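Trainee: Could you walk me through this model before I start on it? I would like the overall picture and then a few particular residues.

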Amino acid sequence: MTDANPAAAAAVACAALWLLAKIATATWQAAVRIWPLLAFLAALALGYAAWKVMREVRDRKVRAQTLARLRITLAQLDAMDDRAFEFALRDLLLRDGWNARQVGRQGDQAADVIGEDHQRGRIVLQAKHTTVAGKVGSSVMYQVKGTAGPVHGADTAVVVTNGSFTRDAKAWGERHQVHWVDRDRLRRWAEHGTPLQDLLRLPTARKTALRRAA
């Protein structure tokens with residue numbers, strides 16, 4: 001009986017090895033059969049991923065070229081509604097190199113467009129689309145001053161209109177670092193292509209007085 005146990009164990013081991021060999025052989029044969037299909041699928045997936053990346057790069061380049069040539073006439077701006085005017089200001093900021101987004105909605109706390117620039121920090125635009133003869137008063141400047149820095153963390157605040165500003169609004173804005181873009185400045189920015197940062201002579205240093213005042 002003692003001699004039978006080693007013999008039985010050896011038989012079991014041989015059977016296990018034989019089974020493992022059969023499994024390995026079957027696995028190898030299956031891999032050989034499906035490998036071309038797996039390779040094809042992998043190549044297809046890589047090709048699709050490369051195509052998507054190339055298309056995205058191309059689309060970004062086309063958009064950048066389009067924005068670089070962007071010009072919007074005052075007549076076009078006058079014909080827009082409030083929301084379209086906000087998106088037009090966003091696109092003009094994008095053209096000028098800002099990373100900008102439209103954020104205007106009910107309860108926006110005096111911010112319709114927000115832009116970011118690595119040199120100039122954050123800019124907040126309050127859009128006031130009106131009639132050609134319409135005038136923006138000082139109350140708008142007060143509101144923007146009260147929210148631009150404390151609420152939106154802005155370094156620069158700008159009120160933009162296709163109309164004009166009252167004399168008091170302009171004077172108050174210049175005293176309290178709230179920039180204004182009236183119809184004449186808007187023409188130079190949107191139609192003539194002068195970058196907003198050049199038009200308003202915005203500083204390149206971050207942490208301006210507007211944010212510190214917050």
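Mentor: We can start with the overall make-up, then take a helix, the cores, the aromatic pairs and two single residues. This is a predicted model, in which local features need pLDDT of at least 70 and side-chain atom pairs count only at pLDDT 80 or more, while totals for chains, interfaces and linings use all residues. Residues are numbered from 1 along each chain as its sequence is written, and side-chain values use heavy atoms, with hydrogens and water left out.

Trainee: OK, how many helices and strands are there?

Mentor: The protein has eight helices and seven strands, taken as DSSP runs numbered from the N terminus, with H or I over at least four residues for helices and E over at least two for strands. Of its 214 residues, 35% count as buried, where buried means under 20% relative accessible area, exposed over 50% and partly exposed in between, with a 1.4 Å probe and protein chains only.

Trainee: And what does α3 look like?

Mentor: Helix α3 covers residues 82-95, 14 residues in total, and reaches 20 Å from its first C-alpha to its last, close to the 20 Å expected at 1.5 Å a residue; the expected span is 1.5 Å times one less than the number of residues. Its buried residues are F85, E86, A88, L89, D91, L92, L93 and R95, and the helix is followed by G97, whose phi is positive, near 100 degrees.

Trainee: Which elements give residues to the largest nonpolar core?

Mentor: The largest nonpolar core has 25 residues, and those with the most contacts inside it include L89, L93, L186 and W189; such a core is a set of buried Ala, Val, Leu, Ile, Met, Phe, Trp, Tyr and Cys residues joined through side-chain atoms within 4.5 Å. Two or more residues come from each of α2 (74-79), α3, β3 (121-128), β5 (156-161), α6 and α7 (196-199), and α3 gives the most, with five residues. Apart from this core lies another of 18 residues, among them A110, V124, F165 and A169.

Trainee: What does L89 touch, then?

Mentor: Leaving aside neighbours within four places in sequence, L89 is in contact with V113, L125, A127, V160, L186 and W189, contact meaning heavy atoms within 4.5 Å.

Trainee: Switching topic, how many aromatic pairs are there?

Mentor: A search of the whole structure finds two, counting rings of Phe, Tyr and Trp (its six-membered ring) whose centres lie within 6.5 Å, with planes under 30 degrees apart called stacked, over 60 edge-to-face and the rest tilted. The rings of Y142 and W172 have centres 4.8 Å apart and planes at 70 degrees, so this pair is edge-to-face. It links Y142 in helix α4 to W172 in helix α5 (residues 167-175), 30 residues apart.

Trainee: Is Y142 buried or partly exposed?

Mentor: Y142 is partly exposed, at 45% relative accessible area, whereas W172 is buried, at 16%.

Trainee: Why is the pair of F165 and W180 called tilted?

Mentor: Their ring centres are 5.9 Å apart and their planes stand at 55 degrees, so the pair counts as tilted. F165 is buried at 4% relative accessible area, and W180 is buried at 8%.

Trainee: Last one, where does R183 sit and what does its side chain reach?

Mentor: R183 lies in helix α6 (residues 183-191) and is buried, with a relative accessible area of 18%. Its side chain reaches the backbone oxygen of N162 at 2.7 Å.

Conventions. A polar contact is a pair of N or O atoms within 3.5 Å; within protein, one must be able to donate a hydrogen and the other to accept it, and residues adjacent in sequence count only if both atoms are side-chain atoms.
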